Amino acid sequence: GQPLGPRRLSLRPVPKLPSTEAFLREALAKVKKQARGYLAPELCVQAVRAATELPFAEGVRRERQLFQVLLSSGQAQALQYAFFAERAVHRWATPGGASWSSAAAQPVRRAAVIGLGTMGRGIVTSLVKANIPVVALEQDLENLNKGRKAVMLLLEREAMKMEGGVQALDFHNPARLQFTVDFDLLRDVDLVIEAVFENMALKKEIFHKLSEICKPGALLCTNTSALDIDEIASATSRPQQVIGTHFFSPAHVMRLLEIIYGRHTSPTAIATAMQLAKALKKVGVVVGNCFGFVGNRMMFPYVQQAVFLLEEGSRPEAVDEVLEDFGFKIGPFRMSDLAGLDVGWRSRQDQGLTGPSLPVGTAARQRHGQRYSPLPDLLCEHGRFGQKTGQGWYRYERAGGRTATPDPWLHSFLSRYRDTHGIRTRSIDQDEILERCLYSLINEGFAILAEGIASGPEHLD
């Protein structure tokens, strides 16, 4: 009994809600917090506001104006560049002439992960989510049980986000995920990812063992963040099968996977690692072998400048805020606390930059004729390793806590440090913080390109 004439939505009145204004204000605040610094989500809220306040034709006009603003914005250009750069990195090439167009990947039907620390757990989780059966190996039962508990917790959390829930991942099935301390179970895997901590002697020992146990075609991957791939490969009888797969922390969340070829790495090994990245829904980037590769090599001078800024009078929260406002997801100090300050400390000790092997009488703030800041080393000596210990550059509610609060202890520690070294505190403005941190990243990027470690600027970006 209803008329069937056309009913145009555009002619219908917009229902008035008593709380429209408060609702839109709240929505804008939420969007600003979630998409910090992004223009488009904010303008979307403005377009919705126009739809509630203006007649249809005017609302559409307003939406068009907002769209034009975005169309010509620097952010649109940057996002388009990032979109195409992310796709360009699938086309990799090495100075030796190997490339994506001629190399074929091997299938990975079964994988293994050695070491169930923070990185290993995330890598196991990524493999399980990608439907690749995994053998997870630890050195002893105590570490194995600790690792198993943590992996199960991560997988349960991931399963909750998925449609089929725990059934979808089926991680309680030993055919999908097996925990062991027995190297013999790695005999038939197609690919092994070693994720023990950054110690060359330990990694070489493991790779020597793997080259004796694994089947001839198995790919041997190391999740190192800085160590020499060629030296690790030298411990094996098959250097062509050795490749770096550097995951970023937390490994089951971060989309970047740095793939590092050594002097002898075969094109097939590179193609297989790239195929793995795709299976894990990560962006694989093929780069050459040097200390820190690309990600961490660019990170060193960036974090170093941030620490120099503290020496001269800034505070961790001030530096982080400037860089996060600029668009970084996380500032250098919150990032260090998340990753763990002890990781870099161990690396600097191995390089002889700090610790017992440092020659007596070395200047506190100089290494190899370059400026050096011992601040991160001193924090580690105080047992401040970041989130894992509940204190680093910030204070956390507990060990393993996530909420960073500025720490008065650190502020007074910095002022004592400046007094000790006769550094006059000065006020440092936002522009200086941004320029010093960004330019050190950019300059290092150019050096990496010049050395041929990366084959194009998109790979760096």
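Over the ring of which residue does the charged end of R87 sit? In this predicted model, that ring belongs to F83, and the charged end of R87 lies 3.6 Å from its centre. A second arrangement of this kind involves R346, whose charged end sits over the ring of F197 at 4.6 Å from the ring centre.

Rings also meet other rings. When aromatic rings are paired by their centres, with a cut-off of 6.5 Å, the count comes to seven aromatic pairs. One of them joins F333 and W393, with 4.8 Å from centre to centre and 65 degrees between the planes, an edge-to-face pair. This pair brings together distant parts of the chain, since F333 belongs to helix α13 (residues 332-339) while W393 lies in the loop between α15 (375-381) and α16 (408-420), 60 residues apart. Both F333 and W393 are buried.

A pair with another geometry is formed by W409 and F413. Their ring centres are 5.0 Å apart and their planes meet at 10 degrees, so this pair is stacked; the cut-off for stacking is an angle under 30 degrees. W409 and F413 are four residues apart in helix α16, which means that about one helical turn separates them. It helps here to recall that an α-helix has 3.6 residues a turn, so residues three or four places apart point the same way. The surroundings of the two partners can be told apart too: W409 is partly exposed, at 29% relative accessibility, whereas F413 is buried, at 8%. Elsewhere, ring pairs link Y302, F326 and F328 into a cluster.

Attention now turns to helix α2, which covers residues 39-53. With 15 residues at 1.5 Å a residue, α2 should span 21 Å, and its end C-alpha atoms are indeed 21 Å apart, so the expected and computed spans agree; the expected value is 1.5 Å times one less than the number of residues. Within α2, the residues L43, V45, A47 and A50 are buried. The buried residues of α2 pack against two helices, α1 (20-34) and α3 (56-71).

How do α1 and α2 lie relative to each other, and at what angle do they pack? Their axes are 9 Å apart and the angle is about 170 degrees. Because angles over 145 degrees count as roughly antiparallel, α1 is roughly antiparallel to α2. On the α1 side, the residues making this contact include L24, L28 and V31, together with the charged residues E21, R25 and K32. On the α2 side, P41, V45 and V48 are among the contacting residues, as are E42, R49 and E53.

Terms used:
Residues numbered from 1 in each chain as written. Predicted model: local features only at pLDDT ≥ 70, side-chain atom pairs only at ≥ 80, totals over all residues. Heavy atoms only, no water. Phe/Tyr/Trp six-rings, centres within 6.5 Å; stacked < 30°, edge-to-face > 60°. Buried < 20%, exposed > 50% of the residue type's maximum accessible area, 1.4 Å probe, protein only. Lys NZ or Arg CZ within 6 Å of the ring centre and 35° of its normal. Contact = heavy atoms within 4.5 Å. Axes fitted to C-alpha atoms, helices over the stretch in contact; angles between N-to-C directions. Parallel < 35°, antiparallel > 145°, perpendicular 65-115°, else oblique.
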